[in-house]
Amino acid sequence: MDATIETARLILRPYADSDADRILDIHSRLEVIRWLGNPPFVPMASRDEALVRMKEWRERDAQGEHTVHLAIEPRETGVLAGGVAMTPLPEDPEGRYEVGWHLHPDAAGHGYASEGATALLDAAFANGLDEVWCTMYPDNEASARVAQRIGLTDLGILPDRWYGGDSHLFHMTREGWLARDRD
Ligand SMILES: CC(C)(COP(=O)(O)OP(=O)(O)OC[C@H]1O[C@@H](n2cnc3c(N)ncnc32)[C@H](O)[C@@H]1OP(=O)(O)O)[C@@H](O)C(=O)NCCC(=O)NCCS
C-alpha cells in the first residue's frame, strides 16, 4: 500500500520520530487509550516510549501485506491529529484485518477520523484487501458513529471472537465498498 494517502483536508502519512511529543500527548490520555484494545490500559509515560511505539508500528507495517499505521495530519493545521490503522486481527486463522482510528481530543469534531478511514479503506481495497472488520466496545458511541458514517455494515453487539466479551462489530467487503462508492 502507498505509504502516504492524500485527501481533500488530510495527509495520511507514516509516523516520524518528530511526532514523538504529540504521540505521547495522545497516548498518555486514558480518555483515548481506554477504548483501544483490551485492559490493562497503561498510559504512555515518556517520549522514549513514543519512539518505541512508532518503531513497533513501522516494523508491523513491514510484515503484514495490508498492515499500515498512518498519522492523520490536517493540511490546515499541520499538527498531527491522530491516526488510522489497518492491522491483522489478533490470532485470526484466516488472516483477516481490522480498521481502527483515534484522535487527540483537540482534533475531534471535524470529521478527520471519518475522512481518514474512508481514504484508508479506499487504498486498502484497491491494494487487494478482500474484507475488513471493525470491533469496538459496545458503549463507544463516537467510534460507532464513525463506522456508520463511513458506511461499514453494522452487525450490532455480538460476541467478539478476537478480543473476548461482547463488541459492537462492523464489517465490509471489497465488493460492498465499491458498490457503496457508486451510490
Ligand atoms: C472515535 C473518535 C476518533 C471519533 O472522533 P470524532 O471527532 O467524533 O470523529 P470524526 O473525526 O469522524 O468527526 C465526526 C464528528 O465531527 C463532526 N463533523 C464536523 N465537521 C465534519 C465534516 N466535515 N465531516 C464529517 N464530520 C464532521 C460530525 O458531526 C461528528 O460529530 P458527531 O459524531 O457528534 O455527530 C474519537 O472519539 C476518539 O479518538 N476516541 C478514542 C479512541 C477510539 O475510541 N478509537 C476507536 C476504537 S474502536
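Okay, before anything else, a definition: when I say a helix lies across strands, contact means heavy atoms within 4.5 Å. The angles are between axes, lines fitted to C-alpha atoms, for helices over the stretch in contact, and they run from 0 to 180 degrees between N-to-C directions. Helices (H or I, at least four residues) and strands (E, at least two) are DSSP runs, numbered from the N terminus.

Now the small print. This is a predicted model, where local features need pLDDT of at least 70 and side-chain atom pairs count only at pLDDT 80 or more, while totals for chains, interfaces and linings use all residues. Residues are numbered from 1 along each chain as its sequence is written, and side-chain values use heavy atoms, leaving out hydrogens and water.

So, the sheet. It's an open one with eight strands, ordered β1-β2-β3-β4-β5-β6-β8-β7, and the pairing is mixed. Two strands pair if DSSP finds at least two bridges between them. At the edges sit β1 (5-6) and β7 (153-159), each pairing on one side only.

Look at β3 (residues 68-74) and β4 (residues 82-88): they're antiparallel, with five bridges, and A71 stands opposite G83 in β4. Over at β7 and β8, also antiparallel, there are six bridges. There, I157 has H168 in β8 as its bridge partner. That hairpin has six residues between the strands, and G164 takes a positive phi near 85°.

Next, two helices. Helix α5 (residues 141-150) lies across β5, β6, β7 and β8, at about 20° to β8. Helix α4 (residues 112-126) runs at about 35° to β4, and the strands it lies across include β1, β2 and β3.

Then the ligand. Which residues come nearest? Of the 22 around the ligand, they're W101, L103, G109, S114 and R145; "around" means a heavy atom within 4 Å. For polar contacts with the ligand, I'm counting pairs of N or O atoms within 3.5 Å. An oxygen atom of the ligand is 2.6 Å from a side-chain N or O atom of S114. On the backbone side, a polar atom of G109 is 2.7 Å from a ligand oxygen, and an N or O atom of A113 lies 2.8 Å from one.

Taken alone, the ligand exposes 930 Å², and the protein buries 71% of that; those areas use the Shrake-Rupley method with a 1.4 Å probe.

And who builds the shell? β5, α4, β6 and α5 each give two or more residues, with α5 giving the most, five.

Notes:
Polar contact = N/O pair within 3.5 Å; in protein donor to acceptor, adjacent residues only side chain to side chain.
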